[in-house]
Amino acid sequence: MSTRDEETLLIVESDPDSRRPLVNFLKTDYKVCGAKSGKEAWAILAKEKIDLVLFDDGVPDIRGVEFFHDARVRYPDVIRILVTESRDLPDIVKIIKEAAVYQVIPKPCPPWHLRLLIDRALESRELARRHRLMSRELKFSDAAFRSHKEHLTKLIRDSYEFDKLVFASDSMLEVCNLARKAAATDMPVLIQGETGTGKELMARAIHGFSNRKRFPFLAQNCGALPDELLQSELFGHKRGAFTGAISDRLGLFVAADGGTVFLDEISEVSPSFQVSLLRFLQEGEVKPLGSEKTRKANVRILAASNRPIKELVEAGTFRKDLYYRLRGFELIIPPLRERVEDIPVLAEYFSRKFSELMNRRVAGITVQVMRHLQAYPFPGNVRELETEIQRMVSLAGNGEFLSTEHLSEDLAKVVPPDARLKEMNLINGAGTLKQKVERLEAQVVTQALLRHRWNQSKVAKELGLSRVGLANKIRRYKLAAAPSGGITHA
Ligand SMILES: Nc1ncnc2c1ncn2[C@@H]1O[C@H](COP(=O)(O)OP(=O)(O)OP(=O)(O)O)[C@@H](O)[C@H]1O
Ligand SMILES: [Mg+2]
């Protein structure tokens, strides 16, 4: 059976004397429905699986361009062809663009010409479909790739995004919802969180979601510069204001006029800088070093800190009034270990990112790796996870899964919860006291061997055994190194 028999056309034309002959003419090749109004056409589209709509722009209840405008949203795969009286080229181009119409045909148009056009339109759609299928097959040529893709689709469906921030946890959803609200205002935002939790990414997202997005986003690390330099970086200076100031300098606040300035590591600034910043936040004016004149600068301040500012205020090293000013909105990004639900989506996201960058096919991430990742406390937060996955992708061969043998030493060492559960069962399961103790001992030795990648002197030292004592235990419990660096029980 040719695919052609299955393709269904809808001819929308108010004049029955034109519609009927055209429908009959096309019927030799296609299944054809006719409609005399927009209303009738919508009813048919809702009921039938239509492949192409030919709309004659003379129906009483709707203009073709409006009809196709809606059809594009409601039935995006349907090919749209418009027949019109218009000879006005700019108008035709406008229609093609606005409603993404495949072709606009001036009236009158002989039926054979229409049929040719319909043939070509359906052919090119079929080619595009096959191309899509083939490229998908090339990408995911075996079952592993297919199931990985399904898994990915599910993960992506279950995850959220805020600009470039990827997450699945409710706690991040809450922070991002607040950030969206903050983005709509001009108030300062204080973003706090441990190192690598995504504070800068969050600041960029807020700028990107604000109506300042067409103006600059300029970042300044406040921890990296001595006080005088930092002041001059932000407020600018006049020539000769201090040694080395050989010309006037426009500060960041003026350079970012209309946009956003991101002050990173705000906890590190000196008391005198705190005063200048507070003045700027109150007046919106900058006074370059060595100058008497002030100047307005319309910038929005976002600040970040990986030390809790509240504690610094209590300790008396950070001004309370500045803290309250900066804290128009306060966003606290939780550490990654407190939102383990984010780990799988981030791991998949980074694995895709780096496999694309390195032009490498990764079959997926094994369940065991995910368990290790989710059991690890990630002191370096998302940045550490990102580096870990980057490293794993570079170690994995083309088409391979990221598996435990690609894990870095710190991550390989962690004991995933299910292994911990097994340990518990070692004790809770059946057996005499001696058997239970022996099972536990075997487990302790196994873990230590894994942690030290079979370096027996290190293991013996850690467990307080002699080399011979350790060798005896290995023999007794029949432990052997697996090729992956893991352990097999002989
Ligand atoms: N939710 C996330 N989704 C995707 N990438 C993220 C996310 N969070 C962080 N990252 C990535 O992790 C890395 C660290 O993020 P970022 O520089 O924003 O952290 P930070 O909190 O500013 O760290 P630091 O305190 O050390 O300056 C970046 O490469 C960033 O792209
Ligand atoms: Mg940062």
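In this predicted model, a backbone N or O atom of Gly198 is placed 3.1 Å from an oxygen atom of ligand 1. Of the accessible area of 630 Å² that ligand 1 has on its own, the protein covers 85%. Gly196 and Thr197 also bring backbone atoms to ligand oxygen, and the table sets these contacts side by side.

| Residue | Protein atom | Ligand 1 atom | Distance |
|---|---|---|---|
| Gly196 | polar backbone atom | oxygen | 2.9 Å |
| Thr197 | backbone N or O atom | oxygen | 3.3 Å |
| Gly198 | backbone N or O atom | oxygen | 3.1 Å |

**The shell around ligand 1**

How many residues surround ligand 1, and which are the closest? The shell holds 17 residues, of which Val166, Thr195, Gly196, Lys199 and Glu386 are the closest. Sorted by class, the shell consists of 7 nonpolar, 5 polar and 5 charged residues. Four elements, namely β7 (165-167), α9 (199-208), α15 (342-357) and α17 (381-395), each contribute at least two residues to this shell. At the level of domains, at least three shell residues come from domain 2 (140-169 + 335-414), and at least three come from domain 3 (173-332).

**The sheet that contains β8**

An open sheet of 5 strands follows the order β9-β12-β15-β8-β16, and its pairing is parallel. Because β9 (217-221) and β16 (329-332) stand at the edges with a single partner strand each, one side of each of these strands is left without a neighbour in the sheet. From one strand to the next, the twist averages 15°. Within this sheet, strand β8 (residues 189-192) pairs with strand β15 (residues 300-305) in the parallel sense over 4 bridges, and Leu190 stands opposite Ala303 in β15.

**The sheet that contains β1**

Another open sheet of 5 strands is arranged in the order β2-β1-β3-β4-β5, again with parallel pairing. Which strands stand at the edges of this sheet? The edge positions belong to β2 (31-35) and β5 (103-106), each of which has a single partner strand, so one side of each is left without a neighbour in the sheet. Neighbouring strands here are turned against each other by 20° on average, direction ignored. Strand β4 (residues 79-84) runs parallel to β5 and is joined to β5 by 4 bridges, while Val83 stands opposite Ile105 in β5.

Notes
Residues numbered from 1 in each chain as written. Chains lettered and ligands numbered in written order. Predicted model: local features only at pLDDT ≥ 70, side-chain atom pairs only at ≥ 80, totals over all residues. Heavy atoms only, no water. Near = heavy atom within 4 Å. Polar contact = N/O pair within 3.5 Å; in protein donor to acceptor, adjacent residues only side chain to side chain. Areas by Shrake-Rupley, 256 points an atom, 1.4 Å probe, with all protein chains shown as cover. Nonpolar A, V, L, I, M, F, W, Y, C, P; charged D, E, K, R; others polar. Domains from an automatic or database assignment. Pairing = 2+ DSSP bridges. Axes fitted to C-alpha atoms, helices over the stretch in contact; angles between N-to-C directions.
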